[in-house]
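Colleague: I'd like to learn how to read features in a model like this one. Please take me through them one at a time.

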Amino acid sequence: MALDGITLYGIVNELKSTLLDGKIDKIYQPEKDEIIIFIRNNGKNYKLLLSANANFPRVYLTDENKENPVTPPMFCMLLRKYLQGGKIIDIYQRGFDRILFIDVLSRDELEKEVIKTLVIEIMGRYSNIILIDKESRIIVDSIKRVYKDMSKIREIVPDVKYEMPPLQDKFTIQDFTKDDLSRKLKLKSGKKVDKALLELFEGFSPVLSREIAYRSKVDDRYINELSEDDMEKLNCNLNLLKSLLENSNFKPCIAYIDDNPYEFSIIELTQYENLVFYKSVNEAALKFYREKANAESLKSRSHDLKKLIQTHLERLYNKLGKQLDELKNAENADIYKLYGELITSNLYKLNKKTDAFKTINYYTGEEITIPLDIKYTPNENAQMYFKKYAKLKNAVEFLTKQIEETKKEIEYLEGQLLNVEQCTLPSEIDEIREELADTGYIKKKNKDKRQKKSISKPLHYISSDNFDIYVGKNNVQNDYLTMKFADINDVWLHTKNIPGSHVIIKSKGANIPDSTILEAAKLAAMHSKAKNSSNVPVDYTLRKYVKKPTGAKPGFVIYTNQKTLYVTPDNK
């Protein structure tokens with residue numbers, strides 16, 4: 001969801017109480033459309049994030065640490081020149097518009113006090129961060145320059161006067177009356193209530209409009225279907241929102257669907273079941289956009305990596321098909337040995353000019369016709385057949401080994417494809433990418449020695465018998481769980497001959513009941529290539545019977561003393 005004007009109002013209120021009179025210490029630009037300002041106020045340090053990202057434009061206090069470019073971008077240098085060392089003297093918003101203003105008092109080259117205003121316009125793909133002179137309203141520069149040929153409405157370039165986006169003819173939540181509401185709504189009789197509210201009120205987002213309609217029990221109704229009682233409920237809930245804003249009685253929350261952040265708001269979203277509440281609007285915004293950004297990054301990275309793995313797999317599938325065809329042909333080698341033997345035993349009957357001859361196969365008693373090359377003597381023909389037999393026999397051994405290696409390679413990459421699907425963090429995708437680079441499937445990137453290696457964590461479950469169960473999401477985690485984390489008497493599980501995760505049950509010196517083993521087996525099946533199948537075979541054994549061969553690929557182990565359970569994964 002886009003950051004709406006009502007939620008921005010809550011963020012502005014919190015920023016004013018936290019940052020006013022604060023001193024700007026440092027300014028960084030980690031992304032092309034993102035600024036982070038370090039502020040010192042009342043003995044505390046704060047980081048203010050300003051983003052003009054087209055998908056997620058936003059403003060809030062953050063605790064994130066981002067890597068900055070070695071050479072600061074020009075706009076960052078400009079902000080440092082005019083704002084670093086300055087004092088924040090005001091933070092405000094025009095009505096409930098999605099535009100934030102930050103006034104900063106600093107000194108120019110002549111030590112004269114000047115006020116520069118940082119304008120953050122949160123408007124989807126038109127979002128921008130603009131520095132202007134407070135008094136003259138002249139633009140100093142912006143993070144995105146907008147020239148005349150790019151926009152007929154506003155030019156945003158240095159030395160041009162800053163013009164506000166035109167106001168829309170809408171109510172604000174603070175100045176509407178019941179009669180105004182009734183009159184305006186009747187003009188939108190063919191619209192659903194939430195759509196009409198969105199068009200009528202400044203700063204409303206679709207989720208906020210739906211919430212007002214939902215609380216008024218008219219979320220599935222059209223305007224021309226509303227009764228006087230319905231109108232009274234709408235008016236009552238709008239006034240309740242007005243009161244919450246006037247008293248700063250915010251109840252920020254994030255709504256989750258399938259464990260993914262779906263919406264967030266300054267008020268309780270009663271239309272959703274799974275809500276998580278936060279102490280501040282800034283905290284909720286940080287959590288929401290961080291998870292959204294992680295999800296987008298994960299989606300993008302996993303898509304690219306899956307495509308790369310799939311390309312390698314397609315090549316291997318074709319390679320395996322050709323190898324199997326060659327093996328099938330090579331397995332007919334015995335016929336050439338028979339030809340050689342029969343020619344040798346019948347040399348006294350043959351002459352050089354014969355291109356074929358018939359004889360009895362002394363193994364079956366049946367008549368057989370043997371082709372001969374008239375350029376060669378019968379004995380030379382026999383020797384050629386013996387050589388062809390020997391060559392094909394060697395080919396069978398070679399192809400059998402090659403097919404086994406190809407199958408192992410396919411199994412490894414199919415496992416990696418599954419690992420990518422199971423990743424929940426960008427760092428886990430990075431671990432898989434690094435492993436594929438180490439194993440030669442993709443080109444290695446030059447590593448920044450200053451960058452710390454990411455460490456991801458496996459999934460953790462607790463069984464109904466109160467035993468800890470851990471599930472790896474990639475081969476780095478699988479190797480760690482099995483070879484380092486697990487004790488020798490812990491139970492190790494894996495789907496039988498099917499790519500999947502390593503699963504560990506921590507025994508803590510106790511006997512693990514069958515019910516816990518069954519639950520862990522279902523988890524192993526659920527985190528395998530057979531997750532959508534039934535009666536999936538899952539092997540389990542003690543960790544001490546699991547070994548990793550020298551030089552084996554990440555995630556590959558061998559094991560003994562196993563037992564097998566057949567389970568159907570629970571994908572709920």
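Colleague: Let me start with a single residue: is Thr359 buried or exposed?

Modeller: The general idea is a cut-off on relative accessible area: under 20% is buried, over 50% is exposed, and in between is partly exposed, with a 1.4 Å probe and protein chains only. Thr359 counts as buried because its relative accessibility is 12%. Before we go on, this is a predicted model, where local features need pLDDT of at least 70 and side-chain atom pairs pLDDT 80 or more, while totals for chains, interfaces and linings use all residues. Residues are numbered from 1 along each chain as its sequence is written, and side-chain values use heavy atoms, with hydrogens and water left out.

Colleague: Where does Thr359 lie, and which residues does it touch?

Modeller: Secondary structure here means DSSP runs numbered from the N terminus: helices are H or I with at least four residues, strands are E with at least two. Thr359 belongs to strand E13, residues 356–360. A contact means heavy atoms within 4.5 Å. Beyond four places in sequence, Thr359 touches Leu342, Asn346, Glu366, Glu367, Ile368 and Ile370.

Colleague: How many helices and strands does the chain have?

Modeller: There are 12 helices and 22 strands. Of the 572 residues, 47% are buried. Among contacts with a separation of 6 or more, 58% join residues 24 or more positions apart.

Colleague: How should I read a nonpolar core?

Modeller: In soluble globular proteins, nonpolar side chains tend to be buried together. A nonpolar core is a set of buried Ala, Val, Leu, Ile, Met, Phe, Trp, Tyr and Cys residues joined through side-chain atoms within 4.5 Å. The largest one here has 77 residues, and Leu48, Leu118, Ile173 and Phe201 have the most contacts inside it. Helix H1 (residues 5–19) is the biggest contributor, with seven residues. Another core, of 38 residues, lies apart from that one, and includes Ala382, Ile403, Ile429 and Tyr441.

Colleague: Which residues does Phe201 touch?

Modeller: Leaving out residues up to four places away, they are Lys170, Phe171, Thr172, Ile173, Phe176, Leu181 and Leu238. You can read Leu8, in helix H1, in a similar way. Leu8 is buried, since its relative accessibility is 0%. Outside its four nearest places on either side, its contacts are Leu3, Gln93, Asp97, Arg98, Ile99 and Ile122.

Colleague: Now sheets. What is the strand order of the six-stranded one?

Modeller: Two strands pair if DSSP finds at least two bridges between them. The six-stranded sheet is open and antiparallel, in the order E15-E16-E18-E17-E19-E22. Strands E15 (459–462) and E22 (563–567) have a single partner each, so one side of each has no neighbour in the sheet. For angles, lines are fitted to C-alpha atoms (for helices over the stretch in contact), and values run from 0 to 180 degrees between N-to-C directions. From one strand to the next, the twist averages 25°.

Colleague: How many bridges join E17 and E19?

Modeller: Five, between E17 (residues 491–495) and E19 (residues 536–542); Trp492, for instance, has Thr541 of E19 as its bridge partner. Helix H11 (residues 475–485) lies across E16 (468–471), E17 and E18 (503–505), at about 135° to E16. Helix H12 (residues 514–526) touches E15, E16, E17, E18, E19 and E22, and its direction makes about 70° with that of E22.

Colleague: What fills the loop between E16 and H11?

Modeller: One residue to look at there is Gly472. Gly472 is classed as buried because it has 0% relative accessibility. Its contacts beyond four places are Gln422, Pro458, Gln477, Asn478, Leu481, Ser501 and His502.

Colleague: And the three-stranded sheet: which strands are at its edges?

Modeller: The order is E11-E10-E12, open and antiparallel, with E11 (260–265) and E12 (275–277) at the edges. Strand E10 (residues 253–257) pairs with E11 over five bridges, and Ala255 is bridged to Glu263 in E11. Helix H7 (residues 281–330) lies across E10 and E11, at about 150° to E11.

Colleague: Last one: what is the radius of gyration of the chain?

Modeller: Taken over C-alpha atoms, it is compared with a globule rule of 2.2 Å times the number of residues to the power 0.38. The chain has 36 Å, whereas a compact globule of 572 residues would have near 25 Å. Along the principal axes, the C-alpha atoms fill a box of roughly 115 × 60 × 55 Å.
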